[in-house]
There are 2 protein chains.
Amino acid sequence: MLASGFISALEKFIPSDQYYLDPADCYAYAYDNSRKIFPPECVIFPQTTEEVSQLISLCRLYQVPVTARGRGTGTAGGSLAEQGGIALSMERMTRIIRVDVANRVLVTEPGVLNENVQFAAKPHGLFWPPDPSSAAYSTVGGNIATSAGGPHAVKYGTTRDHVLGLTAVIGTGEIIQTGCYTTKGVVGYDLTRLLIGSEGTLAIITEATLKLTPLPVAKGGLTAHYRDSVSCAHAVVNIMRHAQGPSALEFLDTGSLSLIRSRNPEIAPAASHAMLMIEIDGTTKEVENITEQLLLACQNDGLLEASACTDIDQLWKARKTLSPLLRDIAPKKINEDIVVPISQVTNLLTGLAQLSNHYKLKNVNFGHIGNGNIHVNLLIDPDDSRELERANACLNEIFDLVIQLQGTLSGEHGIGSEKRAYINKELSSTTIELMQRVKQAFDPDNILNPGKIFPQASLSSK
Amino acid sequence: MLASGFISALEKFIPSDQYYLDPADCYAYAYDNSRKIFPPECVIFPQTTEEVSQLISLCRLYQVPVTARGRGTGTAGGSLAEQGGIALSMERMTRIIRVDVANRVLVTEPGVLNENVQFAAKPHGLFWPPDPSSAAYSTVGGNIATSAGGPHAVKYGTTRDHVLGLTAVIGTGEIIQTGCYTTKGVVGYDLTRLLIGSEGTLAIITEATLKLTPLPVAKGGLTAHYRDSVSCAHAVVNIMRHAQGPSALEFLDTGSLSLIRSRNPEIAPAASHAMLMIEIDGTTKEVENITEQLLLACQNDGLLEASACTDIDQLWKARKTLSPLLRDIAPKKINEDIVVPISQVTNLLTGLAQLSNHYKLKNVNFGHIGNGNIHVNLLIDPDDSRELERANACLNEIFDLVIQLQGTLSGEHGIGSEKRAYINKELSSTTIELMQRVKQAFDPDNILNPGKIFPQASLSSK
């Protein structure tokens, strides 16, 4: 319960149309794409950095937890007000402050949708490379909080690589500026990248200086089918050796292809057990040249067929067919975004087949194979508690396998609450304790998204 | 003075051929390229992470400062044992542990020279993009400690963009692992990039997992001369709009060109007041196409002449002619590496001309204009104390100008001891205090390179 002193202090600087206290209103801010539900006690819609600063000072005074959220599209529970307190919705900080074409910089408030950044940049021949699948409805602030990435990360990197500086409010209520306005800078510690991916546990981002990239003029595509995942993985290594590589390099495993064939047999040849979708961007000439080179790089004994796509929609057809099929066959999927070194993808897939077989679970895998970032899906019926139990046991072993293959537990979703029980598989206790001391430097009273990322007992979803 | 207990404890785990205590031996480790001299009381040459860990624990116990160094090529004083204690020379940790071609990863100890990383990667068609001018004699560890960059940063970024993970020893003596072995990963805070550029104040790096990049097959070049810096700066903005941009974009100002003409009149036309040297890399076809496009991007009313170079040595001839000339006319130069947004380069150059005129100083500017990273050189006679005084006053105003133009004080050299007096021009006291709390999280007793980066009274060079 929020103290009445807190609420009356809040009313003094936050206009009444900028917060909710009614539980019915607050409930709309209780969830994200992790499907857990934690209603906040209050939702606040700040409009300025100064409001956020005053608010955090007040929350510190009353020891009220504050969990920032963009549009709640995260899958790891990072934006849930798990310990109650304030849901700080940044959705009204939607001003694009500046598009600086000469310097290829865009300064924005955190509540702007990724897509709207693209709309603002495009007329100038520029774009912001981070491309999570939620781009149309996720915010820049959320993208930064998780270091979001997507298929184009294989060429352009993730959010971490495309932010020059931030304005943020730390857990003391103080405002900090990180980074710079230029593409080079080494003055003091790199707090910009420390905040990127910190899931709202270190500071509330109130403004971001984004680095824009010139838009490629043309795009092309290739698809390639393989007899087995081993030859497919070899092709990936070959493709990634090219200096001018693909702009996306996506993969569908044998389980995904079986599903797709059941609905659209024309998309995948019967003998195909692994498919690559390869996007290429550049000038028209470059796209032609690179397509030619990558078509060669696809060749090996296991290749069934490889061909250039006439149009780019054709390239993604198989992938787009898959999502609704997955929803049809399993009302719930456990979707992980683990990463392994490319050379280990085959071992990962073999291990996944063994584990899903052992635990009698349906398993389908696909994703950003150019980064070794595979979406591992366990398809389960949530009403079958024994299946859910088997899935959790399987997941635990999958994470062990990933670590054993020198991989990482999350490539783009983050830890939030969903993966914190596993984080000590990857990080030593020394490293975790150091990170917690770093958190303390930013947030001495642990009011910013408390409990997230680091191991602790999970609270039960309401 | 080191306590005798410290020395006898040291002797127990560091073999006698791995340290110096004799002041004459230690003196060789008293300097770096800042030209200041601070002799350490002991030089230690660790061979393993475990030795470093034990040593730091011991130093903590005895409150002995430890300053890590590679080959002492830094220009900001970052590697000087300013407060005495230990110079921790990483020069014997020179093993390249693994070249993993399939995953484009190279794992190395910190004492390996940048150039030797390139030699190890090249046979596999790979390279590590950071290219400080010291690449032939600076270490990977030093490159990481300063987030070193060079001319190719305009296309490839700086060290920060090319390190996947680190092993390091923090100020408690504990060993941490940061980052991962894959090109994507968002598990916990980004400690890797926090350590990059932290100049040995947070941890001692003992192993680095480097991300390698496919080597371009071909290189080409262009030079362009302009009537004035305004039209040159316009051309830079135009060039940087291209999706497939230059691999280097270097600039010489009117002062640099006058000097060059005095020796080699054939290199620069008499009317040229600004020169661009543009390198292009890629496949042979790409180099041809991009050269054509960038030649067009160079065109404007102020262009005197632009032409493709027949060979790449030709491209850098003007720049290479300049360095010995600078040494000839001024025994000492104050060389700063400030950065401004590209659109502000003209204002910077105008301001520099006014300031050097006002302070009666010779000023020559050149550098990585694609990043807005300009090396500002004040050419002075160190024996002329009044000139030195004027130069310091001028420098102070130059830094004010840079900040006013939304720039940053250092693009690649770092702060060390040389620029710490100015850091509060760029960072707020809140941000500096936060950084100091972060340091405390890593190094609770302030034994790692104490006094560096943050404002404090300067100690006098011996």
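So, the sheet in chain A: 4 strands make an open sheet, ordered E1-E2-E4-E3, with mixed pairing. Strands and helices here are DSSP runs numbered from the N terminus, at least two residues for a strand (E) and at least four for a helix (H or I), and two strands pair if DSSP finds at least two bridges between them. This is a predicted model, so to speak plainly about the cut-offs, local features need pLDDT of at least 70 and side-chain atom pairs count only at pLDDT 80 or more, while totals for chains, interfaces and linings use all residues. Residues are numbered from 1 along each chain as written, chains are lettered from A and ligands numbered from 1 in written order, and side-chain values use heavy atoms, leaving out hydrogens and water.

Back to the sheet. Its edges are E1 (19–20) and E3 (66–69) of chain A, each pairing on one side only. E1(A) runs antiparallel to E2 (residues 42–44) of chain A, joined by 2 bridges, and A:Tyr20 sits opposite A:Val43 in E2(A).

What lies across E2, E3 and E4 (86–89) of chain A? That's helix H3 (residues 49–62) of chain A, running at about 170° to E4(A).

Now over to chain B, please. The axes of H1 (residues 4–13) and H3 (residues 49–62) of chain B come within 11 Å and cross at roughly 170°. Axes are lines fitted to C-alpha atoms, for helices over the stretch in contact, with angles from 0 to 180 degrees between N-to-C directions. H1(B) and H3(B) are therefore roughly antiparallel, meaning an angle over 145 degrees. Where they touch (heavy atoms within 4.5 Å), B:Phe6 and B:Leu10 are among the H1(B) residues, and B:Leu55 and B:Tyr62 among those of H3(B).

Terms used: Parallel < 35°, antiparallel > 145°, perpendicular 65-115°, else oblique.
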